[in-house]
Amino acid sequence: MQLKKVSKMLTIGALSALLLMPSANAFTDVEGHWAQEVIEKWSEDYQIIQGYEDETFRPDDSITRGAFAGILNRFLNYQTASPASTFTDIADSFWATDILKLNAAGVMLGDQGLSMPSATITRQEAVVMIARAFDIENTYGSVVSYDDKADFASYALDSVAAMEIRGYITDSEDGNFRPRDPITRAEMLNILNNMIDTVIQDSGTYTEDVDGTVLLSTGGVSIKDCTIAGDVIVAPGVVESVTLTNVTVEGELRNFSDVTIRVLVYEDIEEEDYAEGEDDAFEFIPGESAGTTGDYIMYNGGKIAVWDGVDVNELDSSAFEWEDPDRNRLAYTGDDVAQARFGVDVSAYQNRTNGYATGDYDIDWEAAAADGVDFSFIRIGLRGTSSGLLYADEYYAQNIDGSLAAGIDTGVYIFSQAISVDEAIEEADFVLELLDGRELTGPVSLDWEMKDSSYRVYGLDPAIATAAAVAFCQRIEAAGYEACVYFSTYVGYIKYDLSQLNEYGFWHPAYVYPTSSSGINYPAFYYQMDYWQYTDAAVVDGFAGGVDGNIQFIFD
């Protein structure tokens with residue numbers, strides 16, 4: 001089994017820390033073991049796990065729930081603990097503090113007031129707790145593929161599926177996971193090693209590339225002028241500053257602390273006045289509201305005025321049918337109102353899912369087309385929700401080209417956080433620059449989203465939000481592309497004057513599920529939409545995990 005070595009970019013730690021235990025080279029029972037390199041990395045380099053006084057490591061021994069809690073706490077350095085009264089069996093346990101911290105974090109829940117610190121932890125229990133600790137969710141709609149899946153406890157299925165599809169579990173070559181077997185010390189370290197390439201344990205500045213995910217267990221860290229091939233994870237225990245300057249993070253920034261990560265980018269090119277646009281002849285013309293009809297609709301307990309001149313949703317709610325409920329494939333058969341087509345929208349997230357599952361980060365667009373995908377929206381870029389910086393989607397070019405080559409009508413979208421007209425035009429010019437003259441067969445969509453107060457657009461005046469959307473669409477259409485706006489129910493009702501956006505395509509998300517007790521399988525939004533994103537878990541050939549499923553409505 002080939003295992004990665006730790007990156008040399010980081011300091012190992014104070015010499016005094018290394019004297020707390022025998023070095024890995026002194027272990028008498030790891031030479032030639034399949035996990036030798038992993039053991040040496042996490043025991044010698046990072047001091048996450050120790051050996052025994054007799055100079056053995058005992059890699060194939062089981063581990064107790066208490067000791068497992070201690071190891072996870074060393075990784076993440078939790079700061080908050082549950083009350084001692086939470087469990088009745090930890091008063092004399094060496095691991096009591098670690099257990100209470102994991103409980104406060106929602107990682108170790110126990111059973112009826114018992115944490116069972118001395119009990120052996122099973123493989124399924126360990127994987128569930130690791131998934132909870134690192135917030136690994138089964139967002140792909142994956143299922144456990146192991147031959148012994150009937151032996152799993154139901155609570156473990158989602159976590160194991162999520163960890164498996166990401167490539168974190170690699171010790172089940174015979175096709176069996178052995179969920180109820182005790183996890184060994186080596187197996188536990190192997191899973192964590194598959195997740196984390198490098199741990200930053202000391203404050204300072206780091207400047208070398210990392211071939212995987214970086215975990216920051218301390219603050220006072222500045223990472224500069226490098227590429228991190230995985231995620232950057234900031235542990236809950238970090239309380240000092242974290243700054244990334246000119247850093248390419250190919251994965252995600254995952255912040256479990258209360259510290260705000262500062263992200264700075266300095267381009268080695270001359271500044272451009274994006275607000276002027278690539279075409280100096282472009283001039284933003286503010287939209288004019290058509291006003292309201294005097295009618296109202298109810299939303300969140302309040303009255304919302306109906307915009308004049310905006311088409312009302314006339315789709316036949318009874319004409320939506322689950323064509324293949326096991327694959328979350330919905331069809332619309334109301335041909336007298338509109339023709340319907342099935343499509344997907346994708347980002348680098350889907351490429352990484354394929355890569356985790358198969359090692360190939362390409363999407364099989366030919367297979368997707370053969371499975372009924374008529375159109376696609378490809379994420380081309382995004383603006384940071386806090387930093388406001390613009391980034392290109394890592395796989396946008398190959399996704400656009402692959403989708404077009406498969407004969408799929410292909411559009412693009414940018415995840416927007418524009419807080420002004422100038423920023424919206426900047427985003428449009430960014431899209432045009434990345435398209436580099438490509439001829440699309442679908443629209444260019446503005447995906448302006450506001451989740452909560454952590455988003456920089458939170459609280460933006462609706463007049464500015466609308467003007468920004470209009471400016472984006474005008475700039476896109478001035479360049480010869482078709483414009484579209486993506487908006488949630490809240491944004492559509494509260495933030496946008498849809499009468500000013502009525503000439504552009506509407507793309508609306510509202511998820512429905514074949515297992516929903518409500519039985520709703522149609523879009524309830526008041527206004528007509530051209531595209532409906534109805535699920536985030538459609539099963540489509542060519543994709544290793546779930547993907548956003550959409551229906552396009554083509555009106556006469």
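**Salt bridges, sheet and overall dimensions**

Visitor: Which side chain meets arginine 178 in a salt bridge, with 3.6 Å from N to O?

Guide: A salt bridge requires a side-chain nitrogen of Lys or Arg within 4 Å of a carboxyl oxygen of Asp or Glu, and the 3.6 Å from N to O fits that rule. This is a predicted model, in which local features need pLDDT of at least 70 and side-chain atom pairs count only at pLDDT 80 or more, whereas totals for chains, interfaces and linings use all residues. Residues are numbered from 1 along each chain as its sequence is written, and side-chain values use heavy atoms, with hydrogens and water left out. The partner of arginine 178 is glutamate 187.

Visitor: What relative accessibility makes glutamate 187 count as buried?

Guide: Buried means under 20% relative accessible area, exposed over 50%, and partly exposed in between, with a 1.4 Å probe and protein chains only. Arginine 178, at 27%, therefore counts as partly exposed. Glutamate 187 counts as buried because its relative accessibility is 10%.

Visitor: Which residue forms a salt bridge with glutamate 427?

Guide: The closest N and O atoms of this salt bridge are 2.7 Å apart. The pair links distant parts of the chain, 44 residues apart, with glutamate 427 in helix α11 (residues 421-435) and its partner in strand β14 (residues 375-383); helices (H or I, at least four residues) and strands (E, at least two) are DSSP runs numbered from the N terminus. Both partners are buried, and the residue that joins glutamate 427 is arginine 383.

Visitor: Which residues do salt bridges that share partners join into one network?

Guide: The pair just described, glutamate 427 and arginine 383, is buried on both sides. The network, in turn, is made of salt bridges with shared partners, and its members are Arg123, Asp171, Arg178 and Glu187.

Visitor: How many salt bridges does the rule give?

Guide: One of them holds aspartate 54 and arginine 58 at 3.1 Å, N to O. Aspartate 54 is partly exposed, with a relative accessible area of 43%, and arginine 58 is likewise partly exposed, at 30%. By the rule the count comes to 17.

Visitor: What is the strand order of the open sheet of four strands?

Guide: The pairing in this sheet is parallel, and strands pair if DSSP finds at least two bridges between them. β2 (204-206) and β8 (261-264) each have a single partner strand and stand at the edges, so one side of each is left without a neighbour in the sheet. The twist averages 20 degrees from one strand to the next. The order is β2-β4-β6-β8.

Visitor: Which residue in β4 stands opposite glycine 204?

Guide: β2 and strand β4 (residues 221-228) pair in the parallel sense over three bridges. Opposite glycine 204 stands valine 221.

Visitor: What positive phi does glycine 407 take?

Guide: In helix α10 (residues 396-405), the buried residues include Tyr396, Ile400 and Ser403. Glycine 407 comes just after α10, and its phi is about 80 degrees.

Visitor: What radius of gyration does the protein chain have?

Guide: The C-alpha trace spans about 80 × 55 × 50 Å along its principal axes, and 52% of the 556 residues are buried. The radius of gyration is taken over C-alpha atoms, and the globule rule is 2.2 Å times the number of residues to the power 0.38. For 556 residues a compact globule would have a radius near 24 Å, with which the chain agrees, its value being 26 Å.

Notes: Axes are lines fitted to C-alpha atoms, for helices over the stretch in contact, and angles run from 0 to 180 degrees between N-to-C directions.
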